[in-house]
Amino acid sequence: MSYTLRSKHDRFADKEIHNRIYNESCLDTLARMSDDDVSLSITSPPYNMNLRIRNGKYCSRQIVKEEFSTKYEGFDDNLPIDEYNEFHSKVLSELIRVSGLVFYNVSIVTGSKRSVFKMIGDFHEYLKDIIVWDKGHGQPAMQEQVLNRRTELILVFANENAISRQFKTYGRFARGTLSDLWEIPRQRSTSSKNIAVFPEELVRQILVNFTVESDLVYDPFLGTGTTMRVCNDYGRECIGSEINPDLVEHIIDNWMIYTYPQRYPADA
Ligand SMILES: C[S@@+](CC[C@H](N)C(=O)[O-])C[C@H]1O[C@@H](n2cnc3c(N)ncnc32)[C@H](O)[C@@H]1O
């Protein structure tokens, strides 16, 4: 099932900017996309928050059920580490195939740690740079002798000339004006069904520095739709996938507050 949403802003109405949400796994959406279909992908994948360690080993998903983080409703977020690696490897290969640049926001938590380091190694030939997102203060760690996590990483992958640090085709910033440390406070979620959101300012920074108006952006893990909202505010087109129908409903309902009070089911 997919939905098309019109631009919320009158100033972009004549540009026929459409936004499409696919309520399915992003791997299904990606399988239908052609090479270089979108300018940029911006996303924050599930962090596998509920995978835990016992006696020096990752636990299976059954053992850890009682310890759930409640960041997502209706989604366990505790794949065994090998499945998590395999899933990300597939998603990332596909994202690099369909987009010029990929901004992949990851957090180093217990359940994702090995996978993030493996991803950096496996995809090193496409890794162009790493931006550190500083959230201002670390949330207290859940255990003794654990560092408070204050930062997340934005891994930037390119499908061409990743060996160079220069963003030749996509960079819209003047020399010396943009650093690799972005200080952006956390933002509250618009939905209790997913509180693991990234702030609008993070998406805004990426859009203004790496895209121009009317560029097409893809978010494979839409969540509450932050990427789509900000794209809309800045006149960029956006398509996205989200597996949870409640969150898709949430995005559509919030959209309906704005200029176009109808839902536009897929016309194709
Ligand atoms: C970290 S959240 C994204 C939050 C988003 N950046 C925001 O600001 O709201 C990850 C999302 O991925 C969704 N998800 C998990 N597996 C998926 C899949 N295979 N395809 C599409 N979405 C998926 C989850 O339902 C969750 O909403």
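## What "buried" means here, and strand β3

A residue is called buried if 20 or more other C-beta atoms lie within 10 Å of its own. By that cut-off β3 is mostly covered, with six of its six residues buried. Keep in mind that everything here comes from a predicted model.

β3 covers residues 38-43, and it has strand partners to look at. With β6 it runs parallel, and five bridges join the two. I42 has F103 as its bridge partner in β6, while S41 is partnered there by V102. β3 also pairs with β10, again in the parallel sense, over two bridges. In that pairing L40 stands opposite V217 of β10.

## The chain as a whole

The chain has six helices and twelve strands. It runs to 268 residues, and 36% of them count as buried. If you take contacts between residues at least 6 apart in sequence, 70% join residues at least 24 apart.

## β6 and the nonpolar core

How many of the eight residues of β6 are buried? Eight of the eight, so β6 is largely enclosed by the rest of the structure. Besides its bridges to β3, β6 pairs with β8 in the antiparallel sense, over six bridges. F103 turns up here too, standing opposite V156 in β8. So you can follow F103 to I42 in β3 and to V156 in β8.

The largest nonpolar core has 45 residues, and F103 and Y104 are the ones that touch the most other members. For Y104, setting aside neighbours within four places in sequence, the contacts are T43, L92, I154, L155 and F157. As a general point, side chains in a regular strand alternate between the two faces of the sheet.

## Helices α4 and α5

Helix α4 spans residues 200-210, and its buried residues are L202, V203, Q205, I206, L207 and F210. In general, an α-helix has 3.6 residues a turn, so residues three or four places apart point the same way. The buried residues of α4 pack against four strands and a helix that you can find by number: β3 (38-43), β6 (99-106), β7 (127-139), β9 (181-183) and α5 (226-233).

E201 also lies in α4, but it is not one for the buried list: with 14 C-beta neighbours inside 10 Å, E201 counts as partly exposed. The C-alpha atoms of E201 and Q187 are separated by 9.0 Å, the two residues being 14 apart along the chain.

Is α5 enclosed or open? Seven of its eight residues are buried, so α5 is largely enclosed by the rest of the structure. The buried ones are T226, T227, M228, R229, V230, C231 and N232. Just after α5 comes G235, with a positive phi of about 70°.

## Around the ligand

Which residues are the closest to the ligand? They are V197, F221, G223, T224 and T226, out of 20 that surround it. T226 is also on the list of buried residues in α5. By type, the shell around the ligand divides into eleven nonpolar residues, eight polar and one charged.

## Two loop residues with positive phi

Most residues other than glycine have a negative phi. N161 goes the other way, with a phi near 50°. You'll find N161 in the loop between β8 (149-158) and β9. N161 counts as exposed because it has 11 C-beta neighbours inside 10 Å.

S214 is another non-glycine residue with a positive phi, near 75°. Its place is in the loop between α4 and β10 (216-219). S214 is exposed as well, because it has 12 other C-beta atoms within 10 Å.

## How far to trust it

The mean pLDDT of the chain is 84, and 82% of its residues reach 70 or more. Confidence is highest in β9, at 98, and lowest in β12 (residues 264-265), at a mean of 40.

Two stretches deserve a second look. Over residues 62-68 pLDDT stays under 50, and the model gives this stretch nine contacts beyond four places in sequence. Residues 258-268 also stay under 50, with 17 such contacts in the model. Where pLDDT is low, the predicted coordinates should not be read in detail.

How values were computed
Residues are numbered from 1 along each chain as its sequence is written. This is a predicted model: local features need pLDDT of at least 70, side-chain atom pairs count only at pLDDT 80 or more; totals for chains, interfaces and linings use all residues. Two residues are in contact if their C-beta atoms, placed from the backbone, lie within 7 Å. A residue is near a molecule or strand if its C-beta atom, placed from the backbone, lies within 6 Å of it. Ala, Val, Leu, Ile, Met, Phe, Trp, Tyr, Cys and Pro count as nonpolar, Asp, Glu, Lys and Arg as charged, and the others, Gly among them, as polar. pLDDT is the predictor's confidence in each residue, from 0 to 100. A nonpolar core is a set of buried Ala, Val, Leu, Ile, Met, Phe, Trp, Tyr and Cys residues joined through C-beta atoms within 7 Å. Two strands pair if DSSP finds at least two bridges between them.
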